[in-house]
Amino acid sequence: MRNYHEMTAFCQGYLEGALACNATLSDWDDWVIWGGYDINFAGVDYSSLAETDKGLRVDAYKAGWVDNIGEPIHSFTIKGESK
């Protein structure tokens, strides 16, 4: 698995890429497999912890889980620039 700092940098880049494409993030719900993690990105409509329409809640689980996802290994919120 990649370390926490690499994962947070990846997630911030993911967010900035979505914002650069003028994506509507409030109803965002996406899963990405990266660096040994299954990562869920959720907008404010799915997680109030995303806080704004320029942020996403991130829950990272061990990649390849089967049947029972369990608790996330890492959970945090990423925020984009307000423009």
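**Exercise 1. Decide whether Phe10 counts as buried, partly exposed or exposed in this predicted model.**

Solution. The relative accessibility of Phe10 is 23%. Buried means under 20% and exposed means over 50%, with partly exposed in between. Phe10 therefore counts as partly exposed.

**Exercise 2. Find out how the rings of Phe10 and Trp34 are arranged, and which parts of the chain they tie together.**

Solution. Begin with the wider search, which finds five aromatic pairs in the whole structure. For Phe10 and Trp34, the ring centres are 4.6 Å apart and the planes stand at 5°. Centres within 6.5 Å make a pair, and planes under 30 degrees apart count as stacked, so the pair of Phe10 and Trp34 is stacked. Next, place the two residues: Phe10 lies in helix H1, residues 4-20, and Trp34 in strand S1, residues 29-34, so their pair ties together parts that are 24 residues apart in sequence. As to burial, Trp34 has a relative accessibility of 18% and therefore counts as buried.

**Exercise 3. Carry out the corresponding analysis for Tyr14 and Phe41.**

Solution. The ring centres of Tyr14 and Phe41 lie 3.8 Å apart with their planes at 10°, so this pair is stacked. Tyr14 belongs to helix H1 and Phe41 to strand S2, residues 37-42, and the pair links distant parts of the chain, 27 residues apart. Tyr14, at 17% relative accessibility, counts as buried, and Phe41 is buried with a relative accessible area of 0%. Finally, ring pairs join Tyr14 and Phe41 with Trp28 in a cluster.

**Exercise 4. Describe the order of the elements and judge whether the radius of gyration agrees with a compact globule.**

Solution. The chain has one helix and four strands, and from the N terminus on these run α-β-β-β-β. For 83 residues, a compact globule would have a radius of gyration near 12 Å, and the chain has 12 Å, so the two agree. Along the principal axes, the C-alpha atoms fill a box of roughly 40 × 25 × 20 Å. Of the contacts with a separation of 6 or more, 46% are between residues 24 or more positions apart.

**Exercise 5. Summarise the burial, surface and charges of the chain.**

Solution. Of the 83 residues, 36% count as buried. The chain exposes about 5,000 Å², and carbon and sulfur atoms supply 48% of that area. The chain carries 6 positive and 13 negative charges, and the mean positions of these two groups are 7 Å apart.

Notes
Residues are numbered from 1 along each chain as its sequence is written. This is a predicted model: local features need pLDDT of at least 70, side-chain atom pairs count only at pLDDT 80 or more; totals for chains, interfaces and linings use all residues. Side-chain values use heavy atoms; hydrogens and water are left out. The radius of gyration is taken over C-alpha atoms; the globule rule is 2.2 Å times the number of residues to the power 0.38. Buried means under 20% relative accessible area, exposed over 50%, partly exposed in between (1.4 Å probe, protein chains only). Contact means heavy atoms within 4.5 Å. Accessible areas come from the Shrake-Rupley method with a 1.4 Å probe; for residues, only the protein chains shown count as cover. Lys and Arg count as positive and Asp and Glu as negative; His and the chain ends are not counted. The place of a charge is taken as NZ of Lys, CZ of Arg, CG of Asp or CD of Glu. Rings of Phe, Tyr and Trp (its six-membered ring) pair if their centres lie within 6.5 Å; planes under 30 degrees apart count as stacked, over 60 as edge-to-face and the rest as tilted.
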